[in-house]
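Trainee: Could you take me through one part of this structure slowly? I would like to see how a single helix fits in with its surroundings.

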Amino acid sequence: MSSVPAGGSAVVTGAARGLGLAIAAALHADGWRVLVTDVDAAGAARAAEPLGGWSAGLDVRDEAGCAAVAAEADRRDGLGLWVNNAGILATGPAWTQDAAARRQIIEVNALGAMNGTLAALAVMRRRGAGHVLNVVSLAGLVAAPGETVYAASKHALLAFSLGTLADLRGAGVRGIDISCLCPDGIWTPMLHDRLDDPQAAASFTGALLRPEAVAARAARLARRPRPVVTMPGWRGAQVRLLDALPGLAVRLTPVVAAVGRAGQRRQRRRLSDRGRP
Ligand SMILES: NC(=O)c1ccc[n+]([C@@H]2O[C@H](COP(=O)([O-])OP(=O)(O)OC[C@H]3O[C@@H](n4cnc5c(N)ncnc54)[C@H](O)[C@@H]3O)[C@@H](O)[C@H]2O)c1
């Protein structure tokens, strides 16, 4: 993988809040000119204020919208980086989610990130340089009981990203990288209302990460692309081992769920110690 100097335009999707906002701030601090985008256009504008004030409303499900944002970013400073961060979570066994809910998760997390990747590649392939950074999840590496449709969307994104990187190399394109960042649970609004949801236990089986710490890793990854980075690294090794032993993983489901529920209780206690509900 090449080493990419910070600079030029960087697009971050789903950056009005949570991890996307933290990534936008870390990239801004690292010298990128950041285009803050989100389906919540007003939220993106507010988030962008201290980060150079460049924002756009973008629903990642809108293929033409992604292409327009990529073109705008390229016009301003040359599109150097596109971060597919936008994502949604719904919990519960797949049979408890209606078709519209299942479709929405796949459309935002998998198809939306494909739209972003392909819009960015259309611009980057003309210039022969650039980097697409996809925010996946540990749920992209292993089954996540209670979060199965979400995990399916993230598995799709990982396979799409690595396959597309290989296709680029196969086509002789060396100057464009695709990286996948696979973090454990992060304390963002995505999880704020999940402390009492036993179906979300999979997100609480490790020590919750701070969005700023994950964003700092993303900014480093933006400089030194790598196909897959897990965070923390040891959790990546752990879930890959479980994935290699699917029968054991299924038998361990009650244990993993109990560990996650303990993590939810711990986080509740931590918040109430700090005087928050
Ligand atoms: N929070 C975690 O535990 C965790 C762990 C691993 C990976 N991730 C991934 O990190 C990314 C960011 O998640 P987060 O925790 O900050 O979530 P979040 O819910 O706090 O923020 C998600 C942002 O995405 C935006 N968004 C939703 N649908 C969109 C769409 N169709 N188009 C554009 N923007 C849209 C929302 O408006 C919101 O601003 C997601 O891809 C998520 O899957 C999160």
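**A close look at helix α7**

Mentor: Happy to! Before we reach the helix, start with a pair of charged residues: arginine 169 and aspartate 177 are both buried. They form a salt bridge, with their closest N and O atoms 2.8 Å apart. Keep in mind that this is a predicted model.

Aspartate 177 also leads us to our helix, since β6 covers residues 176-183 and the buried residues of α7 pack against β6. They pack against α1, β4, β5 and β7 as well. Which residues of α7 are buried? They are Pro211, Val214, Ala215, Arg217, Ala218, Ala219, Leu221 and Ala222. As for its dimensions, α7 has 13 residues and reaches 19 Å from its first C-alpha to its last, close to the 18 Å expected at 1.5 Å a residue.

Now look at what α7 helps to build. The largest nonpolar core holds 31 residues, and α7 (211-223) supplies at least two of them. So do β1 (9-12), α1 (18-29), β2 (33-38), α2 (41-48), β4 (79-84), β5 (130-135) and β7 (228-231). Within this core, Val12, Ile23, Leu27, Val36, Leu81 and Val83 touch the most other members.

Isoleucine 23 is a good residue to click on. Leaving out residues up to four places away in sequence, its contacts are Val12, Val83, Asn85, Val135, Ala215 and Ala218. You have already met Ala215 and Ala218 among the buried residues of α7. There is also a second, separate core of 22 residues, and its members include Leu35, Ala56, Met124 and Ile178.

For contrast, go to the surface. Leu241, Leu245 and Leu248 form a nonpolar patch there, with about 260 Å² of accessible area together. Leucine 248 sits in helix α9 (residues 246-251), and its relative accessible area of 35% makes this leucine partly exposed.

Let's finish with charges again. Side chains of opposite charge can pair when their charged atoms come close. The whole structure has eleven salt bridges. In one of them, arginine 127 pairs with aspartate 74, and the closest N and O atoms are 3.3 Å apart. Arginine 127 belongs to helix α4 (residues 99-127) and aspartate 74 to helix α3 (residues 63-77), so this pair ties together parts that are 53 residues apart in sequence. Arginine 127 is partly exposed, at 42% relative accessible area, and aspartate 74 is partly exposed too, at 22%.

Terms used. Residues are numbered from 1 along each chain as its sequence is written. This is a predicted model: local features need pLDDT of at least 70, side-chain atom pairs count only at pLDDT 80 or more; totals for chains, interfaces and linings use all residues. Side-chain values use heavy atoms; hydrogens and water are left out. A nonpolar core is a set of buried Ala, Val, Leu, Ile, Met, Phe, Trp, Tyr and Cys residues joined through side-chain atoms within 4.5 Å. Buried means under 20% relative accessible area, exposed over 50%, partly exposed in between (1.4 Å probe, protein chains only). Helices (H or I, at least four residues) and strands (E, at least two) are DSSP runs, numbered from the N terminus. Contact means heavy atoms within 4.5 Å. Patches are made of residues with over 30% relative accessible area and no salt bridge: like charges are joined within 9 Å, nonpolar side chains (Val, Leu, Ile, Met, Phe, Trp, Tyr) within 5 Å. Accessible areas come from the Shrake-Rupley method with a 1.4 Å probe; for residues, only the protein chains shown count as cover. A salt bridge is a side-chain nitrogen of Lys or Arg within 4 Å of a carboxyl oxygen of Asp or Glu. The expected span of a helix is 1.5 Å times one less than its number of residues.
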